[in-house]
Amino acid sequence: MILGNKFATRDLVRDLSEAVNYYVLVVTSENARLLVGTNGTLIKEVVGDSPRQEVHDELAFPIKNTTLPTGSKSDRTGSSDDHSYLKEFMNRVDKSLQRIYNASPLPVILVGDSRTLGFYEQVCDNSSIILGKVDNLPHLKDGNAQEIIDGVQELVENQRKTRYETAQGELEKARNEKMVRTDLQQIYRSAVEGNAVTLLVRQGYSVPATIDEQNATLLVAEDATDDGVNDDAVAEIIELVDHNGGEVVFVPREQMNEKEPIALMTRY
């Protein structure tokens, strides 16, 4: 794939396929923030004029707790009234999160103190979207957003590990059902035909090949510099699988046999 007939996008394709994308919902008893992260990088903090918030109303992030009565201290723990006010605020935060999630679904990491997170979990309408929680980060109200992203990386890496472990388990089931392709030519043809459920790729694996798109054939080449040779045919396969609705999972080198660096689970 060439962008503007000039820039090869294979590295971008790999990066996008390997990325873990997620929301971080930061809640305190006084306010709530929503961050968007990819791997270890802050992409943005969702604010009132964000494209993710097409409706700018009282549910727009960042959200301030206006439910506490005048003179009430937000950190009081002995008042049942304050508990009710906090639950009401958490319910408002959850409605806003669910609205954004429904428009653009990503797993959610919760960040806050254990008490506030407990109230949020009680009112959350869809707990299945929660990837995990972190309750020991400081300066949540107005702290640096990238530092908050840094503080959730253990959960992000666990999600990445879970993704490839799940894919490997499904691979063995598909292998028993004769629905796995490991030959590069067969994988390419299946990807072209849209017959791809999940593609597992050993991290760093690439191979040069000549590709005939019209006849859906791929022939591995010895020299990546020869005329007509695509020096990374694996990236082409990744793009095809992704374009046709399949999933791409990159597996750490030590977790995937170098004799079988790529495998495709097919639909039929």
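The protein has seven helices and 14 strands. Both kinds of element are runs assigned by DSSP, numbered from the N terminus: a helix is H or I over at least four residues, a strand is E over at least two. Keep in mind that this is a predicted model, where local features need a pLDDT of at least 70, side-chain atom pairs count only at pLDDT 80 or more, and totals for chains, interfaces and linings use all residues. Residues are numbered from 1 along each chain as its sequence is written, and side-chain values use heavy atoms, with hydrogens and water left out.

**How sure is the predictor?**

The score to look at is pLDDT, the predictor's confidence in each residue, from 0 to 100. Its average for the protein is 88, and 84% of the residues reach at least 70. Residues 1-8 are another story: their pLDDT is below 50, and beyond near neighbours in sequence this stretch has eight contacts in the model. A contact here means heavy atoms within 4.5 Å. Where pLDDT is low, the predicted coordinates should not be read in detail.

**The overall picture**

Of the 268 residues, 44% count as buried. Buried means under 20% relative accessible area, exposed means over 50%, and partly exposed is in between (1.4 Å probe, protein chains only). The protein exposes about 14,400 Å², and carbon and sulfur atoms supply 46% of that. Such areas come from the Shrake-Rupley method with a 1.4 Å probe; for residues, only the protein chains shown count as cover. Now take the contacts with a separation of 6 or more: 69% of them are between residues 24 or more positions apart.

**A four-stranded sheet**

Look for an open sheet whose four strands come in the order β9-β14-β10-β13, with mixed pairing. Its edges are β9 (180-181) and β13 (247-251), each of which pairs on one side only. Two strands pair if DSSP finds at least two bridges between them. Here is how the strands line up:

| Pair | Sense | Bridges | One bridge in the pair |
|---|---|---|---|
| β9 and β14 | antiparallel | two | Val180 with Met265 |
| β10 and β14 | antiparallel | four | Thr198 with Met265 |
| β10 and β13 | parallel | five | Val201 with Phe250 |

Met265 turns up twice, as the bridge partner of Val180 and of Thr198. Strand β10 is mostly covered, with five of its five residues buried. Thr198, Leu200 and Arg202 point one way from β10, while Leu199 and Val201 point the other way.

Which helices lie across these strands? Helix α5 (residues 153-176) lies across β9, β10 (198-202), β13 and β14, at about 110° to β13. Helix α7 lies across β10, β13 and β14, at about 155° to β10. For these angles, axes are lines fitted to C-alpha atoms (for helices, over the stretch in contact), and the angle between N-to-C directions runs from 0 to 180 degrees.

Helix α7 covers residues 233-243, and its buried residues are Ala233, Val234, Ala235, Glu236, Ile237, Ile238 and Val241. An α-helix has 3.6 residues a turn, so residues three or four places apart point the same way. Just after α7 comes Gly245, with a positive phi of about 90°.

**The segment after β14**

Thr266 sits in the segment after β14 and is buried, with a relative accessible area of 4%. Leaving aside neighbours within four places in sequence, Thr266 is in contact with Met179, Val180, Arg181, Ser190, Asn195 and Val197. A polar atom of the Thr266 side chain also lies 3.0 Å from the backbone oxygen of Tyr268.

**Some unusual backbone spots**

Most residues other than glycine have a negative phi, and most peptide bonds are trans. Where does this model depart from that? One place is the peptide bond from Phe61 to Pro62, which is cis, with omega near -10°. Pro62 lies in the loop between β5 (41-45) and β6 (63-64).

Asn39 is not a glycine, yet its phi is positive, at about 50°. Asn39 is in the loop between β4 (31-38) and β5, and is partly exposed, with a relative accessible area of 24%. His139 also has a positive phi, near 55°. This residue lies in the loop between β8 (130-134) and α4 (145-150). Is His139 buried or exposed? At 62% relative accessibility, His139 counts as exposed.

Note on methods. Polar contact = N/O pair within 3.5 Å; in protein donor to acceptor, adjacent residues only side chain to side chain.
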